[in-house]
Amino acid sequence: MSNSFQNFNLNPNIIKSLDVLNYNVPTPIQSRVIPPLLNHRDLVIKSKTGSGKTAAFSIPIIQNIKWDKREPQVLVLTPTRELAIQVKEDMFNIGRFSRIKVEAVYGKSSYESQAKQLKQRTHVIVSTPGRLIDHIENKTVDLSQISTLVIDEADELLRMGFIDEVERIIHFLPLERLTVLLSATMPTDIEKLSNLYMNNPELIVIEDDELTENKLTQYYYEVEQKDKLKLIDDVLIIRNPESAIIFCNTKQAVDDVCEMMDEKEYLVHKIHGDMEQKDRLKVMNDFKHGLFRYLVATDVAARGLDIDSVSLIVNYDIPYHAESYVHRIGRSARAGKEGLAISFISNRESHYLDQINTYTNHDIMMLERPTQEVVNQAFEVFQNRQTSDLVIKMGKGFEFKEEIMKLHINAGKKTKMRASDIVGTICAIPGLSAKDIGVITILDISTFVEILNKKGELVFETLQTMPIKGRLRVVSKANKTEYELADEANKTLE
Ligand code: AMP
């Protein structure tokens, strides 16, 4: 089947990745962003998540990377760790047949292991501003060769108070560079930033109706605080969603809702800002893969989370900022799927509803609370779903597993292992060439190497009896998830 991304004259390795990811037709934002970026034109892109924006900037940027260069060439700044990991995974997936090395650098994770990774060949750094500044101050990152800067979710960077840090970072970058800024909204501070630090940028606006929002149905219930726990239970029973995110404004509300659902033995987990980074990553990852049905969260989970199909979003508390509402409901009705967003609003909170209606230019409809009879009628079907099997969803990287096998070799820098030793050995295997070798990561006492083109099993078998650098090494399969790797990095801290 032909891939219409071919019209952009992309190199075959990128097309191959897009084929595996099942990206066959560019989304509107991709059609409009890829050509000017391939031509090194600065862009300001106004678009919401869910539009395919990450691939829109990643595809042309990866195409323009000079593989041989050791120093980082691309810097992506994101407001949150979760988004940094998401962007890293997306860029890695798009660039994996081009052997592009992407590092995510974010707070509350092992600083030392990030510094070590940054010393190796790294093409792309995806980072939250604070942690990058630590690396700049400690001289553990080299930004002198950055030729592309992406400021992702600029409005959120602003809202979280990171704009000064973004400006500080920009002063460390070469003036001669391509700059891309993405934002869901365009407050004046963001316009100022683009005027100051960008070179005659072209503005690309992706209208909401080009997105999927029209497939999202939105309702609200009027409900007093004391009745919310009962109402959330009723809503889950009558709507009976495959998966749902329940957003609360406070950690206390998250705890209360989660406890109620736990007592009823629903498959539920929670996530909020006070949790350890590794626990948050695990919960997110498990939810993404469909290991449980209901996620109760504060807004930390709302941004940049690439969850395929949450069928129901509940605003247990109405958010106080209209932008947050848009970000929260953006977790549903993604990629053309249908979705439902339900908000609980108390009498005192009706002005927030007015603000949201004005901001979104859409009147959210009110629903009458379900009667006990309706809830009782729906209960049996709901109960059946609770006891039926979950649909486990594989990550986007999963499709690659057949194609790509990651091997672990128990030798590294301490035993003077170099990438050329690995490449030399693997290329000596009949039927193998450098084209079959993906990213090589050399750590102190271990090395990870990706074998492409379904040749992993052959290399794995051969290396059981074939020496590398004069000695037989223990070689094992190492298909770890991002979460497991982050978890390991954390353990080195403890
Ligand atoms: P984003 O706006 O970057 O968060 O992307 C939204 C979702 O769309 C992600 O799950 C992407 O993997 C997916 N996606 C991006 N581009 C395409 C495409 N051309 N075809 C199909 N899915 C895509």
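A residue is called exposed when its relative accessible area is over 50%, buried when that area is under 20%, and partly exposed in between. Lys-139 is therefore exposed, since its relative accessible area is 72%. The residue belongs to the loop between α6 (129-137) and β5 (148-151). Its backbone is also notable: Lys-139 is not a glycine, yet its phi is positive, at about 55°. These values, like those that follow, refer to a predicted model.

The protein as a whole may be described next. Its 494 residues include a buried share of 55%, and its secondary structure consists of 19 helices and 18 strands. Of the contacts between residues at least 6 apart in sequence, 76% link residues at least 24 apart. The exposed surface amounts to about 22000 Å², and carbon and sulfur atoms contribute 50% of that area.

Two helices illustrate how regular geometry and burial can be examined together. Helix α4 (residues 81-95) has 15 residues, which at 1.5 Å a residue should span 21 Å; the end C-alpha atoms are 21 Å apart, so the expectation and the model agree. This helix is mostly covered, with 13 of its 15 residues buried. Helix α12 (residues 277-288) contains twelve residues and extends 16 Å from its first C-alpha to its last, close to the 16 Å expected at 1.5 Å a residue. Helix α12 is likewise mostly covered, ten of its twelve residues being buried. The buried residues of α12 include the charged side chains' carriers Lys-278, Arg-280, Asp-286 and Lys-288, as well as Leu-281, Val-283, Met-284 and Phe-287. After α12 comes Gly-290, which has a positive phi near 75°.

Attention now turns to the strands. Strands of a sheet pair through backbone hydrogen bonds, in either the parallel or the antiparallel sense. Strand β12 (residues 312-315) has parallel partners in this model. Four bridges connect it in the parallel sense to strand β9 (residues 244-247), where Ile-246 stands opposite Val-314 of β12. Four bridges, again parallel, connect β12 to strand β13 (residues 339-345), and here Ile-313 has Ala-341 as its bridge partner. The side chains of β12 alternate: Leu-312 and Val-314 point one way, Ile-313 and Asn-315 point the other way, and all are buried.

An antiparallel arrangement is found further along the chain. Four strands form an open sheet in the order β16-β17-β15-β18, with antiparallel pairing. Its edges are β16 (437-442) and β18 (475-477), each of which pairs on one side only. On average, neighbouring strands of this sheet are turned by 20° against each other, direction ignored. Strand β15 (residues 405-409) is joined to β18 by three bridges, and the two run antiparallel. Within this part of the sheet, Ile-409 stands opposite Val-475 of β18.

Helix α17 (residues 419-427) packs on this sheet, with contacts to β15, β16 and β17 (447-451), and its direction makes about 145° with that of β16. A further helix, α18 (residues 456-463), lies across β15, β17 and β18 and runs at about 20° to β15.

Which residues does Thr-425 touch, not counting residues up to four places away in sequence? Thr-425 lies in helix α17, and its partners are Leu-463, Met-466, Pro-467, Ile-468 and Lys-469. Because its relative accessibility is 10%, Thr-425 counts as buried. One of these partners, Lys-469, is placed in the loop between α18 and β18. Although Lys-469 is not a glycine, its phi is positive, at about 50°. Its relative accessible area of 38% means that Lys-469 is partly exposed.

The cysteines remain to be considered. A disulfide is a covalent bond between the sulfur atoms of two cysteines. A search of the whole structure finds zero disulfides. Cys-248 is accordingly in no disulfide, and the nearest cysteine sulfur, belonging to Cys-258, is 9.3 Å away. Since two cysteine sulfur atoms must lie within 2.5 Å to count as a disulfide, that pair does not qualify. Is Cys-248 buried or exposed? At 0% relative accessibility, Cys-248 counts as buried, whereas Cys-427 is partly exposed, with a relative accessible area of 30%.

Technical notes:
Residues numbered from 1 in each chain as written. Predicted model: local features only at pLDDT ≥ 70, side-chain atom pairs only at ≥ 80, totals over all residues. Heavy atoms only, no water. Pairing = 2+ DSSP bridges. Axes fitted to C-alpha atoms, helices over the stretch in contact; angles between N-to-C directions. Contact = heavy atoms within 4.5 Å. Expected span 1.5 Å × (residues − 1). Buried < 20%, exposed > 50% of the residue type's maximum accessible area, 1.4 Å probe, protein only. Areas by Shrake-Rupley, 256 points an atom, 1.4 Å probe, with all protein chains shown as cover.
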